[in-house]
Amino acid sequence: MFAIVSKRRIAPKEYDIWVEAPRIASHAAPGQFVVVKPDEHGERIPLTIADFDREKGQIRLIFQVVGKTTATMAALKEGQALQDISGPLGTPSEVENFGTVLMVGGGVGIAALFPILKDLKKKGNRVITILGGRTADLVIMKDECAQWSDELIITTDDGSEGMKGVVTDAMRAVVQRGEKVDRCWAIGPSIMMKFASQAAVELGIPVWVSLNPIMIDGTGMCGCCRVTVDNQIRFACVDGPEFDGAKVNWGEFMNRLRQYRDEEKISYDKYAEEVGDLSWL
Amino acid sequence: MAPKQKTPIAEQDPKERCHNFKEVCLGYTLEEGIAEAKRCLQCKTAPCVKGCPVSIDIPGFIKAVAEGDMPKAAEIMGQYTNLPAVCGRVCPQESQCEGVCTLGKVPGFEPVAIGKLERLVADWKYEHTSDAKPQLPGEKKGRVAVIGSGPAGLTVAGDLAKKGYEVVIYEALHAAGGVLMYGIPEFRLPKSIVQKEIQAMKDLGVQVETNVVVGKTLTMQEILAQFDAAYIAVGAGTPHFQGVPGTTLNGVYSASEYLTRINLMHAYEFPGYDTPTKRSKRVVVVGGGNVAMDAARSAKRLGAEEVQVVYRRSLKELPARIEEYHHAVEEGIVFNWLTNPVEYMNDGNGQLCGVKCIRMELGEPDASGRRRPVAVEGSEFVIEADTAIEAIGQGSNKVLLSTFPELNLNKWGYIVADEKTGATSVPGVYAGGDIVTGAATVILAMGAGKDAAVAMDEYITKKRASA
């Protein structure tokens with residue numbers, strides 16, 4: 001069992017928890033993830049490790065409620081526990097001093113971007129961070145990202161904070177003002193990662209994305225998470241989750257993410273019926 | 001003289017069982033078991049023992065059954081195997097003990113139903129044992145880590161615990177049992193049986209730690225610093241895909257994924273359990289092994305109207321157990337011999353709508369000694385399908401191996417280990433099961449585990465004596 005030591009609601013349907021997991025904390029590196037199965041009947045879902053504290057033996061998970069599993073996780077209180085967590089899984093990010101890096105995040109993907117950004121800053125990079133969301137309250141972890149960035153740009157679709165527009169507008173603006181960017185990470189909703197990757201290619205910047213396909217074991221055993229990168233089948237759980245965004249087959253990736261939409265709805269509706277009010281999410 | 005035929009055994013009616021996941025074979029009653037045990041000739045040569053990878057005293061336990069002495073039968077069997085209820089169900093007896101049975105060599109006679117008797121004794125034991133914990137040696141002879149809780153790992157763990165070692169099993173998944181939990185379906189091997197065998201292991205003092213992915217959660221270096229020896233039995237767990245166009249379409253699965261969803265994650269009980277699988281209408285399973293049979297029969301049980309197996313060779317070469325093939329036929333699975341998929345067809349929305357296949361014919365024998373299938377040009381045809389499941393084998397999983405480069409691997413990526421002892425290129429590190437042999441059977445993995453336990457005991461005893 002993995003006890004929840006702290007829990008915060010950081011945006012509508014988005015939660016930030018620290019969990020007791022000493023072995024995972026002592027081996028985790030930026031870019032890695034865990035597979036969580038919250039209870040006996042639960043699904044195994046992948047979540048990026050948003051941060052870790054080796055001394056306290058804790059890992060930080062930030063998740064958005066998108067279905068039953070994440071809703072049951074959101075319903076847990078401090079002191080309660082997640083039944084199973086396995087990790088740290090996947091290949092860590094390649095972090096070194098590249099020069100200037102452009103870190104692009106959206107939605108709950110910002111949680112995956114954060115540990116990489118922090119490490120890049122520690123390794124001496126000039127870090128320019130762009131965080132985007134539909135509205136201001138959906139852009140999470142602004143202060144923490146600002147703390148580890150040389151510059152933080154916020155974009156919102158409705159202009160409620162920062163620049164009105166989407167992250168790719170900000171990416172272009174950064175390059176247009178004369179920044180020479182050596183590397184870019186773009187992590188967020190798949191549609192954002194697709195367009196951010198296209199923009200990076202146009203701007204001549206190597207781009208890394210972190211893919212979050214459906215997974216079961218997370219150790220290369222089932223092949224459920226397969227993605228096509230550079231015309232080759234790769235398993236996101238062991239070969240990734242980071243890949244060259246310019247080479248990912250985005251149409252196929254997004255199609256596979258939708259595979260169980262009907263069943264996910266059945267499961268969520270059944271849960272909603274059982275627990276009643278879910279407006280607190 | 002003994003009856004010519006095996007004592008009949010009750011099975012669920014095919015028409016009924018193809019709609020549920022309950023066990024197909026219902027097992028012998030005590031009376032039936034005694035009758036069957038009496039068929040054994042108690043021959044002096046006992047070829048059956050040599051045919052058994054863990055050398056169970058088969059005539060011995062069968063004699064006890066014939067005399068109605070079940071405690072004695074269970075005791076004899078327990079000296080040789082830690083997983084009798086599993087082996088009685090999934091061992092390929094027809095090519096092992098029963099394949100060489102003296103009675104079976106008599107023209108017109110069937111061999112003794114050794115597997116079914118093993119199952120009877122094991123099930124009897126679990127129904128009749130008291131809660132009293134077995135007596136264990138007090139002083140521990142050393143500490144051993146076992147990586148992976150499948151058949152090989154469980155065997156090593158059980159044997160070394162009995163010899164007086166402190167044993168910790170590290171399992172990557174959330175449930176112990178390895179392939180017995182995620183791979184073999186409930187209708188062939190009920191998960192409650194697997195858990196009983198694992199509980200028996202825990203009663204011997206074996207500790208099982210789940211959610212530990214060795215190489216990630218804990219490194220081999222850390223393990224070796226804490227234990228006298230380690231046994232690597234992580235299985236051959238990376239699915240192969242044929243790589244034909246359309247492999248990443250929705251509706252195309254590896255058998256590993258399909259069966260893991262159903263067995264480990266209980267997708268057949270969705271939405272009571274949260275993990276779903278698709279309620280397919282028309283299913284194509286590619287391959288001819290036991291895993292292919294399991295996938296096909298599971299699809300049928302989930303309500304598929306039509307399930308077709310596509311196999312590139314013919315019935316004669318089918319690697320699946322003949323009993324599983326017969327069960328599949330009884331349940332209405334259709335077999336396409338000498339057929340191979342060449343393309344998974346897209347319905348235009350990224351969903352599979354058909355499997356384009358080509359007819360094969362058998363040419364010259366290949367390296368495996370089997371005649372190699374060759375495509376017949378221009379023979380393509382399409383099987384309409386919303387689901388395709390590839391059950392064409394697995395490769396070695398690199399998660400642990402890539403973090404432990406000291407270990408010598410062969411050209412296929414499996415661990416090089418001594419055939420007799422399981423010793424690897426690293427002193428104190430032993431290995432066995434599918435990660436050494438490539439995908440094989442439960443009992444072969446157990447046989448490897450049994451030999452390794454002996455070797456590891458010798459190694460640690462010597463090491464401690466010289467320290």
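**Exercise 1. Find the contacts of A:Q64 in this predicted model, then state where the residue sits and whether it is buried or exposed.**

Step 1. Set aside residues up to four places away in sequence. A:Q64 then touches A:K13, A:E14, A:T70 and A:V108.

Step 2. Place the residue. A:Q64 belongs to strand β5 of chain A.

Step 3. Judge its exposure. Buried means under 20% relative accessible area, and exposed means over 50%. A:Q64 has 31%, so it is partly exposed.

**Exercise 2. Work through A:I62 in the same way.**

Step 1. A:I62 also has its place in strand β5, which runs over residues 58-64 of chain A.

Step 2. Its relative accessibility is 6%, so A:I62 counts as buried.

Step 3. Leave out neighbours within four places in sequence. The contacts of A:I62 are A:I10, A:Y15, A:D16, A:A50, A:V108, A:A111, A:I140 and A:M141.

Step 4. Cross-check with A:Q64. A:V108 is in the contact list of A:I62 and in that of A:Q64.

Step 5. Add the record. The unreviewed UniProt entry places a "binding site" feature at A:I62, A:F63 and A:Q64.

**Exercise 3. Describe how chain A is divided and how its two domains meet.**

Step 1. Domain 1 spans 2-89, and domain 2 spans 100-257.

Step 2. Their C-alpha centres lie 21 Å apart.

Step 3. Look at the contacts. 19 residues of domain 1 are in contact with 22 residues of domain 2.

Step 4. Look at the area. About 1700 Å² is buried between the two domains, and carbon and sulfur atoms give 62% of it. On the domain 1 side, A:P30, A:F33 and A:R44 lose the most area to domain 2; together they make up 24% of what that side buries.

Step 5. Turn to the record. The unreviewed UniProt entry has the annotation "domain: FAD-binding FR-type" over residues 1-95 of chain A. That stretch is 15% helix and 48% strand, with its end C-alpha atoms 32 Å apart.

**Exercise 4. Determine the span of helix α8 of chain B and how much of the helix is covered.**

Step 1. The helix covers residues 114-128, which is 15 residues.

Step 2. From first C-alpha to last, α8 reaches 21 Å, close to the 21 Å expected at 1.5 Å a residue.

Step 3. Of the 15 residues, 12 are buried, so by the under 20% cut-off the helix is mostly covered. Among the buried ones are B:I114, B:L117, B:E118 and B:V121.

Step 4. Follow these four outward. B:F61 touches B:I114, B:L117, B:E118 and B:V121, and also B:I56, B:A73, B:I76 and B:M77, not counting residues up to four places away in sequence.

**Exercise 5. Identify the residues that touch the most other members of the largest nonpolar core.**

Step 1. This core has 110 residues.

Step 2. Those touching the most other members are B:I58, B:F61, B:I62, B:L117, B:Y231, B:V285 and B:M456.

Step 3. Helix α18 of chain B, residues 442-466, gives the most to this core, with nine residues.

Step 4. Another core lies apart from it, with 39 residues, including A:F33, A:A170, A:F243 and A:M254.

**Exercise 6. Locate B:T275 and list what it touches.**

Step 1. B:T275 is in the loop between α13 (255-262) and β7 (282-286) of chain B.

Step 2. At 2% relative accessibility, B:T275 counts as buried.

Step 3. Residues up to four places away in sequence are not counted. B:T275 touches A:G42 and A:E43 in chain A, and B:R261, B:M265, B:A267 and B:F270 in chain B.

Note on methods: Residues are numbered from 1 along each chain as its sequence is written. Chains are lettered from A and ligands numbered from 1 in the order in which they are written. This is a predicted model: local features need pLDDT of at least 70, side-chain atom pairs count only at pLDDT 80 or more; totals for chains, interfaces and linings use all residues. Side-chain values use heavy atoms; hydrogens and water are left out. UniProt positions are given in the numbering used here, feature names are shortened, and annotations may be inferred rather than shown by experiment. Helices (H or I, at least four residues) and strands (E, at least two) are DSSP runs, numbered from the N terminus. Buried means under 20% relative accessible area, exposed over 50%, partly exposed in between (1.4 Å probe, protein chains only). Contact means heavy atoms within 4.5 Å. The expected span of a helix is 1.5 Å times one less than its number of residues. A nonpolar core is a set of buried Ala, Val, Leu, Ile, Met, Phe, Trp, Tyr and Cys residues joined through side-chain atoms within 4.5 Å. Domain bounds come from an automatic or database domain assignment. Buried area is the accessible area (1.4 Å probe) that two parts lose on being put together, summed over both.
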